[in-house]
Amino acid sequence: MIFPSRSHVAAFWGALLGNVRAQARLSTALLSSGALHPPAKMICLILSLFSHIFKSGWTGVNECTFIAVKPDGVQRKLVGEIVRRFERRGFKLVGLKLVRVSEDLLREHYWDLRTKTFFSGLITYMSSGPIVAMVWQGLDVVKTARKMLGETNPADSLPGTIRGDFCVEVGRNVIHGSDSVESAQKEISLWFRQNELQCWDPSSSRWVYN
């Protein structure tokens, strides 16, 4: 019997534990390529099924996003105001902690920016003080949270947004929010362990959702 190679297995599990859509694309591509032996095809089929199950758990009212109040936001005592805005909007808080994170974690979080000239300064800034990391859940929470935050550059942010109300410079823009469901999945898994996320039913849900 011929078994799948270690690289195939690593790719499968890495995709499964990473973002769901990438996993689905990987499985489909490998299956259609015809390059896999039967045992590997079976693994792909199983993981494709899992991807649909996991994806359904991240949509609708179960959608989650990662929000981080940066060191300047914590120092300026804006945490309570930011939490208040998300709660009043109707979203559910499922994870929250005050942390001092390592530069290694920050480099992984900002990996896509590693070639930018400001990368080193960004890591120094983000590791300069405690950060409040949060996970919020609700319908279209990723897209809505981005609108609530405002533009990356506070000068381009409208009044009423968090950055439009509390920031003046892009280098001190108070808050981070996931820019897609896939990014949220990756960031939540990076910043939170599973047992740090709470599953609970707020009594106000029936007044938020029809």
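This text walks through the annotated binding site of a predicted model and then through its salt bridges.

The UniProt annotation "binding site", taken from an unreviewed entry, covers Lys70, Phe118, Arg146, Thr152, Arg163 and Asn173. In the model, the lining of the largest pocket takes in Lys70, Phe118, Arg146, Thr152, Arg163 and Asn173 from this set, so that the record and the computed pocket can be read together at these positions, with Lys70 buried at a relative accessible area of 7%.

Lys70 is found in the loop between β1 (64–69) and α4 (71–75). When residues up to four places away in sequence are not counted, Lys70 touches Tyr110, Tyr125, Met126, Pro130, Asn173, Val174, Ile175 and His176, and one of these partners, Asn173, is itself covered by the annotation.

Arg163, by contrast with the loop position just described, lies in helix α9 (residues 162–166). Arg163 counts as buried because its relative accessibility is 4%, under the 20% limit. Leaving aside neighbours within four places in sequence, Arg163 is in contact with Leu149, Gly150, Glu151, Thr152, Pro154, Ser157, Asn173, Ile175 and His176. Among these, Glu151 offers a backbone contact, its backbone oxygen lying 3.3 Å from a polar atom of the side chain of Arg163.

The discussion now turns to charged pairs. Side chains of opposite charge can pair when their charged atoms come close. In this model the count comes to seven salt bridges.

Within helix α5 (residues 79–89), Arg84 and Glu81 lie three residues apart, about one turn of the helix, and they form a salt bridge whose closest N and O atoms are 2.7 Å apart. Arg84 counts as partly exposed at 33% relative accessibility, and Glu81 is likewise partly exposed, with a relative accessible area of 23%. The pair also belongs to a network of salt bridges in which Glu81, Arg84, Arg85 and Asp165 are linked.

Helix α6 (residues 103–109) holds Glu103 and Arg107, four residues apart and so about one turn of the helix. Their salt bridge has its closest N and O atoms 3.0 Å apart, while Glu103 is partly exposed at 37% relative accessibility and Arg107 is partly exposed at 34%.

A further salt bridge joins the side chains of Glu196 and Lys97 at 2.9 Å, N to O. This pair links distant parts of the chain, 99 residues apart, with Glu196 in the loop between α10 (181–191) and α11 (205–208) and Lys97 in strand β2 (residues 92–99).

Note on methods:
Residues numbered from 1 in each chain as written. Predicted model: local features only at pLDDT ≥ 70, side-chain atom pairs only at ≥ 80, totals over all residues. Heavy atoms only, no water. UniProt positions renumbered as here; feature names shortened; annotations may be inferred. 1 Å grid on protein atoms, 1.4 Å probe; cavity = no way out; pocket = protein on both sides within 12 Å on 5 of 7 lines; lining within 4 Å. Helix = DSSP H or I, 4+ residues; strand = E, 2+ residues; numbered from the N terminus. Buried < 20%, exposed > 50% of the residue type's maximum accessible area, 1.4 Å probe, protein only. Contact = heavy atoms within 4.5 Å. Polar contact = N/O pair within 3.5 Å; in protein donor to acceptor, adjacent residues only side chain to side chain. Salt bridge = Lys/Arg side-chain N within 4 Å of Asp/Glu carboxyl O.
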